[in-house]
Amino acid sequence: MTDFHWKNLLNPEYYINLEIGGVHVGLWVVLFIIFAETGLFAGFFLPGDSLLFLAGIYATGYYQDGVYVPGLVDQMFHLDSAFLNVMALSTFVAIAGILGNIVGYWFGSKSGTYLYNRQDSFWFKKKYLIQSRDFFEKHGGRAIIFSRFLPIFRTFAPIVAGIVAMDKKKFMFYNVVSSFLWSFTLIFAGNYLYKYLKESYQIDLKDHIELIIIGLVGITIIPVIYKFGKKTVTHSEE
């Protein structure tokens, strides 16, 4: 395994390029992270949006100094078409997200009020659960779609859906739609923006990974901060 540092946990590029015994396992790690972030309440700290955007950049293989570096999909099977590579990766991620939400829903339905009585720990913060519940109550089934694009919320939304016993067919509809929408949007955006900037302006996004991560984190976190900052101000005025 490559040299590890705790900061790597916050770096999606580390997961994508991870090798174990000289074997690329990035695809499997990406799929597990998506499953964990949407299905296990402990996955809220994992990179989701930035991981998918970068996965789109690394979806297809490329040559570096005359050596072929396999893309993520190459780790499962080789496709000659770059478009099919991105389609396949997006589909795999969507399925991982769907399965994760199903597990989250099941866990919520079985745990009931247990989570509300649980003490806070590094892996679990009750405030996130309460915030997700408020978000869910306001937006209903659409919260499943909205939460896909919001860190923390996408971890707890399916759990809350299970706790409030949301209709299973309705949940699955929003689950499938949101997962495909989320994965296809971010992965295709990463792949095609990378190609466009490199071909048109000779800008290689792989040389600016840190800026991409910071930008995506800012874009996804700002709405959350604004929402709860506004909520806090409202409560203080009352």
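E37, D49 and R154 are linked in a network of salt bridges, and that network is a good place to start a tour of this predicted model. In total, the structure holds three salt bridges.

## The salt-bridge network

R154 pairs with E37, and the closest N and O atoms of this salt bridge are 3.0 Å apart. R154 belongs to helix 8 (residues 153-163) and E37 to helix 2 (residues 26-39), so this contact ties together parts that are 117 residues apart in sequence. R154 also meets D49 in a salt bridge, at 3.2 Å from N to O. Here, too, distant parts of the chain are linked: D49 sits in helix 3 (residues 49-57), 105 residues away from R154 in helix 8.

How buried or exposed are the partners? Both R154 and E37 are buried. For R154 the relative accessible area is 2%. D49 has a relative accessibility of 6% and therefore counts as buried, since the cut-off is under 20%.

The remaining pair to look at is K198 with D204, whose side chains meet in a salt bridge at 4.0 Å, N to O. K198 is partly exposed, with 39% relative accessibility. The table puts the salt bridges side by side.

| Salt bridge | N to O distance |
|---|---|
| R154 and E37 | 3.0 Å |
| R154 and D49 | 3.2 Å |
| K198 and D204 | 4.0 Å |

As general background, side chains of opposite charge can pair when their charged atoms come close.

## The second largest pocket

K198 and D204 turn up again in the lining of the second largest pocket. This pocket has a volume of about 200 Å³. Other residues of the lining include I57, T60, G61, Y62, Y63 and Q64, together with N191, Y194, K195 and K206. Which element gives the largest share of the lining? Helix 9 does, with four residues. Strand 3 (62-64) and helix 9 each supply at least two residues.

## After helix 9

Moving along the chain, Q202 is found in the loop between helix 9 and helix 10 (209-237). Its backbone is worth a look: phi of Q202 is near 55°, a positive value in a residue other than glycine. Most residues other than glycine have a negative phi. Q202 is exposed, because its relative accessible area of 63% is over the 50% cut-off.

## A nonpolar patch on the surface

I95, L99, I102, M172, V176 and F180 form a nonpolar patch on the surface, and together they have about 430 Å² of accessible area. Helix 4 (82-111) and helix 9 (168-201) are the elements that give two or more residues to this patch. I95 can serve as an example: this residue is placed in helix 4 and is partly exposed, with a relative accessible area of 40%.

## Annotated spans

The unreviewed UniProt entry places the feature "transmembrane region" at residues 14-35, 42-63, 83-108, 143-166, 172-197 and 209-229. Two of these spans can be described in terms of the model. Residues 172-197 are 100% helix and 0% strand, and the end C-alpha atoms of the span lie 37 Å apart. For residues 14-35, the end C-alpha atoms lie 18 Å apart, and the span is 59% helix and 18% strand.

How values were computed:
Residues numbered from 1 in each chain as written. Predicted model: local features only at pLDDT ≥ 70, side-chain atom pairs only at ≥ 80, totals over all residues. Heavy atoms only, no water. Patch = residues over 30% accessible without salt bridge, like charges linked within 9 Å, V, L, I, M, F, W, Y side chains within 5 Å. Areas by Shrake-Rupley, 256 points an atom, 1.4 Å probe, with all protein chains shown as cover. Buried < 20%, exposed > 50% of the residue type's maximum accessible area, 1.4 Å probe, protein only. UniProt positions renumbered as here; feature names shortened; annotations may be inferred. 1 Å grid on protein atoms, 1.4 Å probe; cavity = no way out; pocket = protein on both sides within 12 Å on 5 of 7 lines; lining within 4 Å. Points joined across faces, edges and corners; volume = space filled by probe spheres on them.
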